[in-house]
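Q: Could you take me on a close look at the enclosed spaces inside this protein? I would like to know what lines them.

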Amino acid sequence: MSADYSDRYVFEAEWYDKIASLLKKFYLYYFPSDNTIELFDLKTRKTFLKRTRCEGIKADDIYVGAVVTIFSRNMKITSYADTYTKNKLQTHMEKVFVFLKPDVLDKMGEILKMILNYDFQITNMKMMKLTPDEVTEHYPMKDTDNKTCIINYLTSGPVVALELLGKHGVARWKELAGPKDSNEACSTARSSLRACYGKDEIHNAVYGSENVERATQELQYFFPDAKSKTKGPKNTATLQDCTCCIIKPHAVQAKLAGAIIDDIQKAGYTINAVQQFHVNHVNAEEFLEIYKGVLPEYNAMVTELHSGPCVVMEVSRKDEGQNVIADFRNLCGPRDPEIARQIRPGTLRAKYGKTKAQNAVHCSDLPEDGVLEVEYFFKILDGL
């Protein structure tokens, strides 16, 4: 290790070595002063990677639960490795539980853009339908006179639950959300979410955790960790008359998910289900197997899909008789973003893509693929 230990953070991290078929565990040292990383192999007790700068990694990318790509290896940061790191970062970076209420889901993309522009990271996301019991148990209702009205409203359609991470997250969320009464928000916090999208004290667009303790409880219920025996509320996939859209990890990391969803909604599509997934190497190969031997960038596509969190959506159209798969493929544009920028500059890949593998979005190709691809994520992977 270098002698400069004055400002370093230490995490536990793991990487699946495909060649050896082993899950390898490391200490990941991050030095914010010069944005460098060092890896120490816990089994061999030797330095695996000497302190070096890694292309594309920023301080915001280093947090518990993140997947960071270090020289083509996808490392998942699993926990803090010392009390200094935990104390420094846990108090500095706070997680908040938030959900978008049923009547603003058609503005989901716009709202997500505002959240991301407010220096939050969306570290988990899932569209779900709340039950009356869940509203009663998890939603604060001080005014009992409005209890039935609130329950009816919050169960009238799906909500989009979010796990947000940000500096002083709870306080920053309250600033962004604005006063609980949207009428008051319009007077005192005109650029807040509740001023822009709410109607009154009940129909006020968004909900967020009151404090860190409540956020921890809410996140554990709605986004239980992998070790938990509970699954959390079910997803809202309909598995019919739909196409599959995946916002790829590079676009999620670049905070483009809100903009892409906004473009999809403004183009007249309905998002029936949305969820963030971490796809492992085996599942990425399985999902993309149809392209093996067909596209030269197949291996790069697999690497991209499991390089970090992706956002998966079930997309449909209200228009009867429309071929949603072909129409949506047109919105996505040519597979190569460079070609898309030349001949279809308004398409998603032209606007947000980088390379053939990092082309912002995946979409279903064939009529029979739509339901099958949605099932793969929302039925198979979400059911594991």
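A: Let's start with the smaller space: by class, 2 nonpolar, 2 polar and 3 charged residues make up the lining of the second largest cavity. Here Ala, Val, Leu, Ile, Met, Phe, Trp, Tyr, Cys and Pro count as nonpolar, Asp, Glu, Lys and Arg as charged, and the others, Gly among them, as polar. The lining residues of this second largest cavity are Lys-248, Met-301, Arg-335, Arg-349, Asn-359, Val-361 and His-362, and its volume is about 40 Å³.

A cavity is a set of points, on a 1 Å grid over the protein atoms alone, where a 1.4 Å probe fits but cannot get out; lining residues have an atom within 4 Å of a point. Grid points are joined across faces, edges and corners, and a volume is the space filled by probe spheres set on the points.

This is a predicted model, in which local features need pLDDT of at least 70 and side-chain atom pairs count only at pLDDT 80 or more, while totals for chains, interfaces and linings use all residues. Residues are numbered from 1 along each chain as its sequence is written, and side-chain values use heavy atoms, with hydrogens and water left out.

In total, the structure holds 2 cavities of 30 Å³ or more. The largest cavity has a volume of about 60 Å³. Around the largest cavity you will find Ile-246, Lys-248, Phe-287, Leu-288, Met-301, Leu-305 and His-362. That lining divides into 5 nonpolar, 1 polar and 1 charged.

Terms used:
On a 1 Å grid over the protein atoms alone, a cavity is a set of points where a 1.4 Å probe fits but cannot get out, and a pocket is an open set with protein on both sides within 12 Å along at least five of seven lines; lining residues have an atom within 4 Å of a point.
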